[in-house]
Amino acid sequence: MTTTLVATEKRTEDCIDVLDHGFVRLDAAMADDLSVVNAARVSFGRRRDAMDERDEGLIRFLVRDRHGTPFEHNSFRFHVRAPIFVTREWMRHRMSSFNEFSLRYAKATDDFYVPEAEDVRTQVGKPGAYTFDQVDPDLAEQTREELRRVYESAYDAYARLVDQGVAREVARSVLPVGAYTEFYWTVNARSLMNFVSLRAAETAQREIRRYADAIEHFFARHMPVTHAAFVANGRVAP
Ligand SMILES: Cc1cc2nc3c(=O)[nH]c(=O)nc-3n(C[C@H](O)[C@H](O)[C@H](O)COP(=O)(O)OP(=O)(O)OC[C@H]3O[C@@H](n4cnc5c(N)ncnc54)[C@H](O)[C@@H]3O)c2cc1C
């Protein structure tokens, strides 16, 4: 099996496994609640060295009244491994920066997303208001088998074409959107809250929700007061 950055860079304490071959790894963070307080208090020529209760109240006020800019003076850099279809949803979040693994310059891995049986679902209801029910065990297993079969055949074709001298940028066309990719994502807390608000919601696709939950975990760890205010405010980003 070919590996990419996964094997070398994965560190357990800052890494959460997601889906069957994915992860969210916090690569670096310059983020704390105090940065929010000081960005807001500069309006009055004030600066704090440590948080107190009034500062916590200030953060709650800023979130509630949607004064969003003080939440932009921080940065989280994540290294993510996710299926292409999840990544495609993720990259719609323009208020952040991305760099992605290149299938022009490097060979694709043979890791593809196969959902757990309980995640094979059927959609019920109207567009925009679907609910999802688990399918019966036979159909779940059949779905997983079909996926494995298609993935194997697609990867065989890809590897054969590359071996025969076809450029990777051409051969990659045979790869399905269940193939895993990797990217770096750098985002500030304001945009991160917008991402979590939309992508950890019940209306979001289950697979990206799992990634959004991991992102939220790291956000809560570095900015607990801001995170609590975000939750108390109905998970609406300021
Ligand atoms: C459940 C769900 C279903 C979706 N379905 C579809 C779909 O079917 N088709 C589809 O194309 N997309 C779909 N999307 C993607 C969605 O339309 C957004 O592109 C994505 O959620 C990013 O949100 P955003 O624009 O708020 O984030 P960002 O791009 O990070 O922007 C953050 C904020 O900056 C501001 N902003 C950014 N760019 C502009 C701009 N050009 N003009 C004005 N303000 C701006 C806005 O306030 C925005 O909320 C879906 C998203 C979700 C969560």
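**Cavities, strands and helices in a predicted model**

In this predicted model, the lining of the largest cavity is made up of Ile84, Phe101, Leu103, Ala108, Thr109, Asp111, Leu175, Ala179, Tyr180 and Thr181. By class, seven of these residues are nonpolar, two are polar and one is charged. The volume of this cavity is about 60 Å³. In total, two cavities of 30 Å³ or more were counted. Such spaces can be located in a simple way: a probe the size of a water molecule, rolled over the atoms, shows where empty space is left.

Thr181, one of the residues lining the largest cavity, is also in contact with Thr87. Thr87 belongs to helix α4, which covers residues 84-90. Its relative accessibility is 3%, and because buried means under 20%, Thr87 counts as buried. When neighbours within four places in sequence are left aside, the contacts of Thr87 are Ala82, Glu100, Thr181 and Phe183.

The strand β3 spans residues 75-83 and is mostly covered, with seven of its nine residues buried. β3 pairs with two strands described here. With β2, the pairing is antiparallel and runs over seven bridges; within it, Met30 has Ser75 of β3 as its bridge partner. With β7, which covers residues 180-187, β3 is joined by eight bridges, and these two strands also run antiparallel. In that pairing, Arg77 is matched with Thr186 of β7. In a regular strand, side chains alternate between the two faces of the sheet.

Two loop residues have a positive phi although neither is glycine. For Leu19, phi is near 55°. This residue sits in the loop between β1 (15-18) and β2 (22-30), and with a relative accessibility of 22% it counts as partly exposed. For Arg66, phi is near 60°. Arg66 is located in the loop that connects α3 (53-64) and β3 (75-83). At 52% relative accessibility, Arg66 counts as exposed, since the exposed class begins over 50%.

Helix α8 comprises 17 residues, 206-222. From its first C-alpha to its last it reaches 25 Å, close to the 24 Å expected at 1.5 Å a residue. The buried residues of α8 are Glu207, Ile208, Tyr211, Ala212, Ala214, Ile215, Glu216, Phe218 and Phe219. An α-helix has 3.6 residues a turn, so residues three or four places apart point the same way. Spacings of this kind occur in the list, including Ile208, Tyr211 and Ile215.

A second helix, α5 (residues 137-163), contains Tyr155. Tyr155 has a relative accessible area of 11% and is therefore buried. Phe219 of α8 is likewise buried. Tyr155 and Phe219 are 64 residues apart along the chain, and their C-alpha atoms are separated by 36 Å.

The largest pocket has a volume of about 300 Å³. Its lining consists of Arg121, Gln123, Gly128, Ala129, Tyr130, Phe132, Glu202, Thr203, Ala204, Gln205, Arg206 and Arg209. Both β5 (121-124) and α8 supply at least two residues each to this lining. The lining residues divide into four nonpolar, four polar and four charged. In the lining of the largest cavity, by contrast, the corresponding counts are seven, two and one.

Conventions: Residues are numbered from 1 along each chain as its sequence is written. This is a predicted model: local features need pLDDT of at least 70, side-chain atom pairs count only at pLDDT 80 or more; totals for chains, interfaces and linings use all residues. Side-chain values use heavy atoms; hydrogens and water are left out. Helices (H or I, at least four residues) and strands (E, at least two) are DSSP runs, numbered from the N terminus. Buried means under 20% relative accessible area, exposed over 50%, partly exposed in between (1.4 Å probe, protein chains only). Contact means heavy atoms within 4.5 Å. On a 1 Å grid over the protein atoms alone, a cavity is a set of points where a 1.4 Å probe fits but cannot get out, and a pocket is an open set with protein on both sides within 12 Å along at least five of seven lines; lining residues have an atom within 4 Å of a point. Grid points are joined across faces, edges and corners, and a volume is the space filled by probe spheres set on the points. Ala, Val, Leu, Ile, Met, Phe, Trp, Tyr, Cys and Pro count as nonpolar, Asp, Glu, Lys and Arg as charged, and the others, Gly among them, as polar. Two strands pair if DSSP finds at least two bridges between them. The expected span of a helix is 1.5 Å times one less than its number of residues.
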